[in-house]
Structures are given as structure tokens and as C-alpha cells.
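Student: Could we go through this chain together, asking at each step what the terms rest on?

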Amino acid sequence: MIPSLAQRHVARAAAAGIRRGGVGPGGARPLSSASASGGGRGAGIFARIGSFLVGAGMTALVTEVYVFAEVREGNLQMLRKQREIEDRLAALEKRKK
């Protein structure tokens with residue numbers, strides 16, 4: 001059986017004496033990111049809320065631009081069609097007289 005990529009990485013790490021959260025050979029730093037990030041606290045609630053609000057605001061802005069462009073193009077198309085209909089109606093009225 002051919003080992004998967006993940007299985008090969010696990011085998012290489014085991015062969016090198018590295019284990020998850022442990023110290024590798026020669027006192028290398030642990031593979032766990034929690035202890036390497038300086039406490040593992042992560043982003044606070046206000047930072048997360050702020051990031052969410054910035055993302056929501058950017059999404060709303062981009063959506064508004066796309067909707068505005070779509071409405072404007074639709075209005076121009078409807079005006080063009082209305083002019084065509086009025087021209088055809090005027091031609092029919094001239095032909096009747």
C-alpha cells in the first residue's frame with residue numbers, strides 16, 4: 001500500500017524524534033503553536049468584533065457598488081427599450097393616417 005502524504009510526514013517526524021507539543025532532538029522548539037505564540041491567548045473579543053465589523057462594512061460597500069451599477073445599467077436598458085417602442089408606435093400611427 002502507498003502511504004498518504006500525511007502518513008509520510010508523521011513517519012518522518014517520528015523518525016526524527018519529534019512529537020506534537022514535545023521537544024525535538026537537540027532542544028528544538030515544540031511544534032505546537034500555542035506555546036510558541038506567547039501564551040496562546042489569541043485575539044480578544046473586541047478585536048474579533050472589530051474585524052467582523054470591518055469585514056461586514058467592506059462587504060456592504062462592495063455590494064452597494066455592484067447593485068448601483070446593475071440598477072443604473074438596467075435603467076438605461078429600459079429607457080432604450082421604451083424609446084424603441086415609442087418610435088415603433090409613432091411609425092404605426094403615421095402609417096394609419
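**Confidence, helices and surface**

Tutor: In this predicted model, helix α2 (residues 33–36) has the lowest mean pLDDT among the elements of the chain, 49, and α3 the highest, 95, where pLDDT is the predictor's confidence in each residue, from 0 to 100. Local features need pLDDT of at least 70 and side-chain atom pairs 80 or more, whereas totals for chains, interfaces and linings use all residues. Residues are numbered from 1 along each chain as its sequence is written, and side-chain values use heavy atoms, without hydrogens and water.

Student: What pattern does the chain follow along the sequence?

Tutor: The pattern is α-α-α, with 3 helices and 0 strands, given that helices (H or I, at least four residues) and strands (E, at least two) are DSSP runs, numbered from the N terminus.

Student: Why is Phe-46 called exposed?

Tutor: Phe-46, which is found in helix α3 (residues 45–96), has a relative accessible area of 73%; exposed means over 50%, buried under 20% and partly exposed in between (1.4 Å probe, protein chains only), so Phe-46 counts as exposed.

Student: How much of the chain counts as buried?

Tutor: Of its 97 residues, 2% count as buried.

Student: What is the accessible surface of the chain, and how much of it belongs to carbon and sulfur atoms?

Tutor: The accessible surface comes to about 9,000 Å², of which 62% belongs to carbon and sulfur atoms, by the Shrake-Rupley method with a 1.4 Å probe; for residues, only the protein chains shown count as cover.
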